[in-house]
Amino acid sequence: MALEYTLSIIKPDAVRKRLIGQIYSRFEKNALVVVIAKRVRLTREQAENFYNVHKERSFFPQLVAFMSSGPIMVQVLKAESAVSRNREIMGDTDPRRAKPGTLRADFATTIEENAVHGSDSIETAKKEIAFFFPEFSASCKDHPC
């Protein structure tokens, strides 16, 4: 296994429900280290840019509206196989299909308001980390992000 970095977002629904601490606890229990974090509120334009990969999909306008509806917590996680480890603890995008004990099974209400986001590959993680933490990405010569 290789040491990896991945991006994680605690979405507006989970921030509104005050679940940040519980989600961070799950990261820690699963050996995911929060390396850098910040609370932000995305503008509509920022949400459109971040989720640009989905711009042709029917759910794009709702996704942008939701992600810009309130504050989010954004963090870089570090661990052996961080991308797959984080995706495993997040659970299925649809909380009705997520395994018990996963973040989405425990904290999400719908497929649209599903509590968390996580990078789906190392390549995506690099882009997503650079979007939110350009200063961290600029220092990648010192670590494999």
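Which residue of β3 is the bridge partner of I9? The partner is V74. The model is a predicted one. The points below cover the pairing of three strands, the buried faces of two helices, and two residues of β1.

**Strand pairing**

- β1 and β3 run antiparallel and are joined by eight bridges, with the pairing of I9 and V74 being one that involves β3.
- β3 also pairs with strand β2, which spans residues 33–40. This pairing is antiparallel too and extends over seven bridges.
- On the β2–β3 side, V34 stands opposite L77 of β3.
- Seven of the nine residues of β3 are buried, so the strand is largely enclosed by the rest of the structure.

**Helix α4**

- Helix α4 covers residues 60–67, and its buried residues include F60, L63, V64, F66 and M67.
- These residues cover an arc of only 165 degrees around the axis, which puts them on the same side of α4.
- The elements that cover the buried residues of α4 include two strands, β1 (3–10) and β3 (72–80). Helices α1 (12–16) and α3 (44–50) are also among them.

**Helix α7**

- In helix α7, residues 122–132, the buried positions include A125, E128, I129 and F132.
- Viewed down the helix axis, the buried residues of α7 fall within an arc of 100 degrees, so they line one face of the helix.
- E123 and K127 lie on the other side of α7 and are exposed.

**T6 in strand β1**

- T6 belongs to strand β1.
- With a relative accessible area of 0%, T6 is buried, because burial here means under 20%.
- Beyond its neighbours within four places in sequence, T6 is in contact with Q75, V76 and L77, among others.
- L77, one of these contacts of T6, is the β3 residue that stands opposite V34.
- A125 and I129 are also among the contacts of T6, and both are buried residues of α7.
- The remaining contacts of T6 are A82, V83, N86 and S119.

**L3 in strand β1**

- L3 is likewise found in strand β1.
- L3 is partly exposed, with a relative accessible area of 39%, whereas T6 is buried.
- The C-alpha atoms of L3 and K126 are separated by 14 Å. Along the chain, L3 and K126 are 123 residues apart.

How values were computed: Residues are numbered from 1 along each chain as its sequence is written. This is a predicted model: local features need pLDDT of at least 70, side-chain atom pairs count only at pLDDT 80 or more; totals for chains, interfaces and linings use all residues. Side-chain values use heavy atoms; hydrogens and water are left out. Buried means under 20% relative accessible area, exposed over 50%, partly exposed in between (1.4 Å probe, protein chains only). Helices (H or I, at least four residues) and strands (E, at least two) are DSSP runs, numbered from the N terminus. The arc is that of the directions from the helix axis to the C-beta atoms. Contact means heavy atoms within 4.5 Å. Two strands pair if DSSP finds at least two bridges between them.
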